[in-house]
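Here is a short, friendly tour of the model in front of you. We begin with how the chain is divided and then turn to a sheet and a helix.

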Amino acid sequence: MAKKIIVIGAGIIGASIAYHLAKAGAEVLVLDAQTAGGGVATPNSWAWINASWGNPEPYSRLRMRSMLEWRALESVHPDLNVNWCGGLLWDLPQNELAEIVATQKSWGYDVDLIDGATALKIEPRLKVPPELAIFASGEGSIEPVAATLAFLAAAQTLGAKIALGAEVSGFHTLGGKVAGVKVGEHLHEADEVVVAAGVQSLGILAELGVALNLEAPAGLLVHSKINTKLLNGLVMAPDLHLRQTQQGRIVAGSHFGGARPGDDSAATAAALFKQTKDMLRGAEDLEMEFYTLGYRPTPKDGLPLIGRPTHVSGLYVAVTHSGVTLAPAIGLFAAAEIVHDKRDPLLQPFHLERQ
Ligand SMILES: Cc1cc2nc3c(=O)[nH]c(=O)nc-3n(C[C@H](O)[C@H](O)[C@H](O)COP(=O)(O)OP(=O)(O)OC[C@H]3O[C@@H](n4cnc5c(N)ncnc54)[C@H](O)[C@@H]3O)c2cc1C
C-alpha cells in the first residue's frame with residue numbers, strides 16, 4: 001500500500017519533495033498556510049543555481065549533484081525553465097581566485113579563471129571589468145515562484161493533493177509517533193510528516209522538542225522595470241550581485257542573499273538601485289519597479305538540515321538555505337529515504353543531530 005505523506009510547506013523545498021514523493025509512489029498531501037510558491041524565502045530569492053566558492057567539499061558535491069538534477073528535471077518538465085546563463089564572479093580578493101578555481105576544478109566543477117578582456121566579452125555592458133574573474137558556464141537561475149508552481153503542478157499530475165490556506169497548528173501523535181497534523185479543527189492522518197516550512201519550521205517543531213539551530217537573516221533585492229537586455233548572465237561583483245530575468249528585469253542585491261535592509265529599507269533599495277545603474281553602460285534609463293525583503297532559512301553552520309530526528313518517529317525535516325540550488329537533490333533524496341528507507345551517501349553529513 002502507498003505510504004501516506006503530509007508535506008508542510010509549498011515553497012520550493014516542499015514542492016520538490018512533494019513531486020519526488022508522488023513520483024516514488026507515495027500518497028501526498030501538501031499543506032500551506034498561505035498560497036503556493038513559498039513564504040518569506042522562495043518568492044524573495046535571488047535564485048542563483050550554483051556550487052560556487054566557500055563551501056566544504058561534501059556540500060559542494062551535493063550542490064553539483066543538484067545542478068545535474070535540475071538539468072534532468074528540466075528535460076522532462078521544461079516549464080521549470082532554468083536559464084543556464086553562466087556566472088561571472090570576482091567578489092573576492094584577486095589573489096585568491098586562482099586557488100579557488102584549482103580547488104573547484106579538482107572537485108569536478110566547471111570553472112575557469114579569465115582575464116578582463118574575456119569578462120568583457122561575456123558581459124559587454126560592464127563599465128569597469130575585473131582584472132581577473134571566475135567564470136562558471138554551467139551556473140544558472142530560475143524564476144523561483146514559477147518553478148515552485150511547476151513542481152506542484154507536476155506533483156498534482158502524479159496524484160498529489162494540495163491544500164492552501166491550511167495552517168498546521170500542531171501534530172497528532174499516537175504512541176509517541178507522529179501520525180498526522182492538525183489544521184484548525186481538522187485532523188489529517190499520515191504515515192510520515194515532512195516539515196519543509198522554511199524559517200517557520202522552528203516554531204512548528206518546538207511542540208515535538210525538535211530544536212533547529214537556525215537563523216533567518218533578512219535580505220533585500222531590488223527589481224527593475226522590464227528592460228532590453230543588459231546582462232547575459234549572473235554577475236557577482238564586490239558588493240553587488242546582478243542578474244536579468246528572462247522577462248527582462250534586473251534583480252540586484254549587495255550580495256546574492258540580499259542587502260541588509262537597515263532602518264530604512266526604501267532608502268537602502270534606492271541606494272542599491274543607483275549602484276546597479278552606475279555599474280552598467282546603457283542603464284541610464286533603467287527604472288526600479290519594486291524591492292523585496294526576504295528571510296533565508298540559514299542553519300548556523302551554513303549546512304542543510306535534512307532527515308529524521310532520532311528521538312521522534314514519523315517525522316522528516318528539510319530546512320536549508322540555497323534551497324533554489326538544492327531543491328531537486330533534496331526532493332529526490334528525501335523521497336528515497338521516506339519511501340524506501342535509503343539515505344543517499346551525499347546526504348550523510350547533513351543529519352539534524354550534528355547540531
Ligand atoms: C534574499 C534571498 C536570496 C536568496 N538567494 C538564493 C540564491 O541565489 N540561490 C539559492 O539557491 N538560494 C537562495 N536563497 C535561499 C532560498 O530561496 C531558500 O533556501 C528557499 O527558498 C527555501 O525554501 P523553503 O521552501 O524551505 O521555504 P519558504 O519559501 O519560506 O516556504 C515555506 C512555506 O511553508 C509554509 N508554512 C510555514 N508555516 C506553516 C504552517 N504552520 N502550516 C502550513 N504551512 C506553513 C509557508 O507559508 C511557506 O509557503 C535566497 C533567499 C533569500 C531570502
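Domain bounds here come from an automatic or database domain assignment. By that assignment, the chain splits into domain 1 and domain 2, and their C-alpha centres are 31 Å apart. Where they touch, 18 residues of domain 1 and 15 residues of domain 2 take part; contact requires C-beta atoms, placed from the backbone, within 7 Å.

| Domain | Residues | Residues in the contact |
|---|---|---|
| domain 1 | 4-46 + 145-214 + 300-354 | 18 residues |
| domain 2 | 85-138 + 216-299 | 15 residues |

This is a predicted model: local features need pLDDT of at least 70 and side-chain atom pairs pLDDT 80 or more, while totals for chains, interfaces and linings use all residues. Numbering starts from 1 along each chain as its sequence is written.

Now to the sheet. Six strands, in the order β8-β2-β1-β12-β21-β20, make an open sheet with mixed pairing. Strands (E, at least two residues) and helices (H or I, at least four) are DSSP runs numbered from the N terminus, and two strands pair if DSSP finds at least two bridges between them. At the edges are β8 (161-164) and β20 (305-307), each paired on one side only. β20 joins β21 (residues 315-319) in the antiparallel sense over three bridges, and L305 stands opposite V319 in β21.

Finally, helix α8 (residues 323-340) lies across β1 (4-8), β12 (192-195), β20 and β21, and runs at about 170° to β21. Such angles, from 0 to 180 degrees, compare N-to-C directions of axes fitted to C-alpha atoms, for helices over the stretch in contact.

Terms used: Two residues are in contact if their C-beta atoms, placed from the backbone, lie within 7 Å.
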